[in-house]
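Reader: I would like a close look at a single part of this model, namely the charged side chains and how they pair with one another. Please take your time over it and keep the reasoning in view.

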Amino acid sequence: MKQRKYLERRTFNQDRFDILIKRQKSGKATFNELTELDAIVNRDPTIRESILEEMQGVNEPPDEPKQEDILTATPVKTQTLLDRITSFFKRLFTHMGDPNPALLA
């Protein structure tokens with residue numbers, strides 16, 4: 001005896017969603033079709049849940065980051081008053097040697 005294929009019950013929204021997704025992925029969807037796709041996703045909770053589950057599967061990182069992959073941040077040295085004054089004079093004198101007189105005025 002031949003096995004029959006299981007009939008899948010689908011709503012109009014599910015069929016229309018599949019058609020619109022195929023058009024979107026191929027790059028042939030118009031603005032009105034994309035608007036309709038957005039309305040279907042927002043209106044149908046089963047389609048919305050399936051999309052959210054799919055997005056969670058895509059966004060999960062493949063593996064935990066290894067210790068060598070994690071960059072270590074170097075601690076920032078706070079400037080003292082003396083460091084600020086010396087850096088000010090260094091910047092001042094490096095710009096004094098600039099040949100452009102417009103910067104000096």
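**Salt bridges and their surroundings**

Author: At 29% relative accessibility, Asp18 counts as partly exposed, and its side chain meets that of Arg10 in a salt bridge with an N to O distance of 2.0 Å. This is a predicted model, and every value given here is computed from it. Arg10, the partner of Asp18 in that bridge, is likewise partly exposed, because its relative accessibility is 33% and the partly exposed class runs between 20% and 50%. The pair does not stand alone, since Arg10, Asp15 and Asp18 are linked in a network of salt bridges. Side chains of opposite charge can pair when their charged atoms come close. In the whole structure, a search finds four salt bridges.

Two further bridges involve helix H2, which spans residues 31-43. In one of them the side chains of Glu36 and Arg16 meet at 2.8 Å, N to O; Glu36 lies in helix H2 and Arg16 in helix H1 (residues 12-26), so this pair ties together parts that are 20 residues apart in sequence. Both partners are partly exposed, Glu36 at 28% relative accessibility and Arg16 at 22%.

In the other, the side chains of Arg23 and Glu33 form a salt bridge at 2.9 Å, N to O. This pair, too, links distant parts of the chain, with Arg23 in helix H1 and Glu33 in helix H2, 10 residues apart. Here the two partners fall into separate classes: Arg23 is partly exposed, with a relative accessible area of 30%, whereas Glu33 counts as buried because its 16% lies under the 20% cut-off.

Glu33 deserves a closer look. Besides its bridge to Arg23, the side chain of Glu33 reaches the backbone nitrogen of Thr30 at 3.0 Å. If neighbours within four places in sequence are left aside, Glu33 is in contact with Leu20, Arg23 and Lys28, so that the surroundings of this buried residue include its salt-bridge partner Arg23.

For contrast with these charged pairs, one can turn to helix H4 (residues 81-96), where Phe93 is found. Phe93 is exposed, with a relative accessible area of 56%, and belongs to a nonpolar patch on the surface that Leu81, Ile85, Phe88, Phe89, Leu92 and Phe93 form, with about 610 Å² of accessible area together.

Technical notes: Residues numbered from 1 in each chain as written. Predicted model: local features only at pLDDT ≥ 70, side-chain atom pairs only at ≥ 80, totals over all residues. Heavy atoms only, no water. Patch = residues over 30% accessible without salt bridge, like charges linked within 9 Å, V, L, I, M, F, W, Y side chains within 5 Å. Areas by Shrake-Rupley, 256 points an atom, 1.4 Å probe, with all protein chains shown as cover. Helix = DSSP H or I, 4+ residues; strand = E, 2+ residues; numbered from the N terminus. Buried < 20%, exposed > 50% of the residue type's maximum accessible area, 1.4 Å probe, protein only. Polar contact = N/O pair within 3.5 Å; in protein donor to acceptor, adjacent residues only side chain to side chain. Contact = heavy atoms within 4.5 Å.
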